Amino acid sequence: AEVEGARRLRQALRMLLGPPPNASGAAPVDLDSLVEKVAARLGTGRPILQVVPLEALKHRFQQGAVARLTLQVQALEERPRQAILWLLAVGRPATYKEICSQLGFPEVGGSYTKFRADIKEAVDIGLLTTDSHGLHVAIRNRVANELAPYGSPPEEVEATYQHLLAALAQDAQDG
């Protein structure tokens, strides 16, 4: 690490100072000596220069966003996952009662109350929306909004959306 740091410092100084002067009469800069002095003052146990490309940072944070979305999908209870998949399959909004009726979930009592609370969690994290027509799937919008700060192209948004659907379907099968 120390040798690599010195090499990077030498390279940066060459870029800063330019090529050594030729027969103009000025003494050339002793880069090795300068590097040793700077490295000694900075301490030798840490890297001197570290360049992180912007694209690598974007990618890192984008992957973190995808991982968070995946964890949120995986954390959903079984019945909300099944409800989301059913809503995707029918391609239209539906009420709580209709979803329960179609999927064979209890329509009254504590189990129904728990289902509504679990669906509210899916709404709160942006996987579903609700209005006077019922519940709507909003996973694609959530993915687009999460990845927008990173300038993700449409194909990456679509790939992430498909990844989440696969996780949702897999978790529903496992559940």
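1. Let me start with helix 5, residues 96-103, whose buried residues are Y96, I99 and C100. They share one side of helix 5 because they cover an arc of only 95° around the axis. That arc is taken from the directions running from the helix axis to the C-beta atoms. Buried here means under 20% relative accessible area, exposed means over 50%, and partly exposed is in between, with a 1.4 Å probe and protein chains only. Helices are DSSP runs of H or I with at least four residues, strands are runs of E with at least two, and both are numbered from the N terminus.

2. A word on provenance before going further. This is a predicted model, in which local features need pLDDT of at least 70 and side-chain atom pairs count only at pLDDT 80 or more, while totals for chains, interfaces and linings use all residues. Residues are numbered from 1 along each chain as its sequence is written, and side-chain values use heavy atoms, with hydrogens and water left out.

3. What lies over the buried residues of helix 5? The cover includes helix 4 (78-90), helix 6 (109-124) and strand 2 (134-137). Just past the end of helix 5, G104 adopts a positive phi of about 75°, which you may like to find on your own Ramachandran plot.

4. The aromatic side of this region deserves a look. The structure holds 2 aromatic pairs. In one of them, Y96 and F115 meet edge-to-face, at 6.4 Å centre to centre and with 90° between the planes. Since Y96 belongs to helix 5 and F115 to helix 6, the pair ties together parts that are 19 residues apart in sequence. The rings considered are those of Phe, Tyr and Trp (its six-membered ring), paired if their centres lie within 6.5 Å; planes under 30 degrees apart count as stacked, over 60 as edge-to-face and the rest as tilted. Y96 is buried at 15% relative accessibility, and F115 is buried at 0%. Together with F105, Y96 and F115 form one aromatic cluster.

5. F115 also leads into the largest nonpolar core. Of the 32 residues in this core, I84, I99, F115 and I139 touch the most other members. The elements giving two or more residues to the core are helix 3 (54-75), helix 4, helix 5, helix 6, helix 7 (139-147) and helix 8 (154-174). Which helix gives the most to this core? Helix 8 does, with 6 residues. A nonpolar core is a set of buried Ala, Val, Leu, Ile, Met, Phe, Trp, Tyr and Cys residues joined through side-chain atoms within 4.5 Å. In soluble globular proteins, nonpolar side chains tend to be buried together.

6. I84 is a handy residue to click on. Leaving aside residues up to four places away in sequence, I84 touches L76, A122, L127, L128, V137, I139 and L168. Contact means heavy atoms within 4.5 Å.

7. Now the charged side chains. A search of the whole structure finds 6 salt bridges, each being a side-chain nitrogen of Lys or Arg within 4 Å of a carboxyl oxygen of Asp or Glu. Among them, E55 and K58 meet at 4.0 Å, N to O. Both lie in helix 3, 3 residues apart, about one turn of the helix. E55 is exposed at 55% relative accessible area, and K58 is partly exposed at 30%.

8. Helix 6 holds another salt bridge, between D118 and K114, with the closest N and O atoms 3.0 Å apart. These two are 4 residues apart in helix 6, about one turn of the helix. Is D118 buried or exposed? D118 counts as buried, at 9% relative accessibility, whereas K114 is partly exposed at 41%.

9. K120 and D124 form a salt bridge as well, at 3.0 Å, N to O. They too sit in helix 6, 4 residues apart, about one turn of the helix. K120 is partly exposed at 48%, while D124 is exposed at 55%.

10. Finally, the overall picture. The protein chain has 8 helices and 2 strands, running α-α-α-α-α-α-β-β-α-α from the N terminus. Buried residues make up 30% of its 175 residues. Of the contacts with a separation of 6 or more, 56% involve residues 24 or more positions apart. The chain exposes about 10,900 Å², and carbon and sulfur atoms supply 56% of that area, with accessible areas computed by the Shrake-Rupley method with a 1.4 Å probe and, for residues, only the protein chains shown counting as cover.
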